[in-house]
Amino acid sequence: MQTSKQADLNQTKQQSLENKRKDWLRDAQGLITLLFIWGAEWVFSAAVDFALYWRDLDWLKQAAFVTAVVASLIQIWGMRKLFNTGGTPTTNDAVKSWGHPVFLVLPGALLVAAVAFMEAIGAVNPFFAPILRSFLLAIGFVQVGLLLGRSLIYLGVWLFALAAVMSVWYLGYSGVILEGMGGISLLVSGYMLRVWAR
């Protein structure tokens, strides 16, 4: 009898956690769109880096970055009602337990901005930025995976291992490969999170 009650309690707790996770993912749908925007930008930048061997297309890479920034700002501006009201009443429970989805994105955005700033002022060499971005993205996947699902942890570990291998043995190709694979990882994670929210 006691074992049955304990099993029911564990099952109820697990179901409650699953419901909170789904509510949080529904809240984060606008932020998941940012994964698609930046994943596409990273993949496009990697393709442009590859094409730079034959043509001077650096302006296209900068245009893609500016487009991604503008699209991100538009997406965040469109979500302002969600930020102001805290969402629906059922969502408020998820926000209290998991934190607002924007707080998960903010540290990563600040780190990416810091790397971009260091690269712009010449504080780091051209090989440093793609490797650091990949490591930060991998760590972000593992952190989010601890909350939302094991698949993201595997994705983060894979990207971390790829960044380590590229930085030790294939440093010259790291910009193209890590940017491309990081972009694909962002697209895959966005798709996974969108499917999990259903």
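Reader: In which helix is Trp169 found?
Author: Trp169 is found in helix H8. Bear in mind that this is a predicted model.

Reader: Why is Trp169 called exposed?
Author: Its relative accessible area is 62%. Exposed means over 50%. Trp169 clears that cut-off, so the word applies.

Reader: What makes up the nonpolar patch on the surface?
Author: Val165, Val168, Trp169, Tyr170, Tyr173 and Ile177 form the patch. Together they have about 660 Å² of accessible area. Members of a patch need over 30% relative accessible area. Trp169, at 62%, passes that test.

Reader: Which helix supplies the largest share of the patch?
Author: Helix H8, residues 150-169, supplies the largest share, with three residues.

Reader: Step back. How many helices and strands does the protein have?
Author: The protein has nine helices and zero strands. Along the sequence, the pattern reads α-α-α-α-α-α-α-α-α.

Reader: How much of the protein counts as buried?
Author: Of the 198 residues, 34% count as buried. The protein exposes about 12,000 Å². Carbon and sulfur atoms supply 68% of that exposed area.

Reader: What share of the contacts with a separation of 6 or more comes from residues 24 or more positions apart?
Author: Such residues account for 70% of those contacts.

Reader: How many salt bridges are counted, and between which residues?
Author: The count comes to one salt bridge. It joins the side chains of Glu179 and Arg133.

Reader: Why is the pair of Glu179 and Arg133 called a salt bridge?
Author: The N to O distance is 3.9 Å. The rule asks for a side-chain nitrogen of Lys or Arg within 4 Å of a carboxyl oxygen of Asp or Glu. The Arg133 and Glu179 pair comes in under that limit, so the name fits. In general, side chains of opposite charge can pair when their charged atoms come close.

Reader: What does the salt bridge between Glu179 and Arg133 tie together?
Author: Glu179 lies in helix H9, residues 174-196, and Arg133 in helix H7, so the pair ties together parts that are 46 residues apart in sequence. The C-alpha atoms of the two residues are separated by 8.4 Å.

Reader: Why is Arg133 called buried?
Author: Its relative accessible area is 17%. Buried means under 20%. Arg133 falls below the cut-off, so Arg133 is buried. Its salt-bridge partner Glu179 is buried too.

Reader: Which residues is Arg133 in contact with, leaving aside its neighbours within four places in sequence?
Author: They are Trp42, Val115, Glu119 and Glu179.

Reader: How do you know what span to expect for H7?
Author: The rule takes 1.5 Å times one less than the number of residues. H7 has 21 residues, and the expected span is 30 Å. From first C-alpha to last, H7 reaches 30 Å, close to what is expected.

Reader: Which other residues of H7 are buried?
Author: Among them are Ala129, Pro130, Ile131, Leu137, Phe141 and Leu148.

Reader: Why does Ile131 count as buried?
Author: Its relative accessibility is 13%. The limit is under 20%, so Ile131 qualifies. Outside its sequence neighbours up to four places away, Ile131 touches Ser167, Leu171, Ser174 and Leu178. The C-alpha atoms of Ile131 and Glu179 are separated by 8.7 Å, with their positions 48 residues apart along the chain.

Reader: What makes the link between Ser72 and Trp38 a polar contact?
Author: Their side chains are joined at 2.7 Å. The rule asks for N or O atoms within 3.5 Å, one able to donate a hydrogen and the other to accept it. At 2.7 Å, the pair is inside that distance.

Reader: Is Ser72 buried or exposed?
Author: Ser72 is at 7% relative accessibility. That is under 20%, so Ser72 counts as buried. Ser72 lies in helix H3, residues 58-78. Leaving aside neighbours within four places, Ser72 is in contact with Leu34, Ile37 and Trp38.

Reader: Why is Val188 called partly exposed?
Author: Val188 has 36% relative accessibility. Buried ends under 20% and exposed begins over 50%. Val188 sits in between, so the middle label applies. Val188 lies in helix H9. Its C-alpha atom is separated by 9.1 Å from that of Leu155, 33 residues apart along the chain.

Conventions:
Residues numbered from 1 in each chain as written. Predicted model: local features only at pLDDT ≥ 70, side-chain atom pairs only at ≥ 80, totals over all residues. Heavy atoms only, no water. Buried < 20%, exposed > 50% of the residue type's maximum accessible area, 1.4 Å probe, protein only. Contact = heavy atoms within 4.5 Å. Helix = DSSP H or I, 4+ residues; strand = E, 2+ residues; numbered from the N terminus. Patch = residues over 30% accessible without salt bridge, like charges linked within 9 Å, V, L, I, M, F, W, Y side chains within 5 Å. Areas by Shrake-Rupley, 256 points an atom, 1.4 Å probe, with all protein chains shown as cover.
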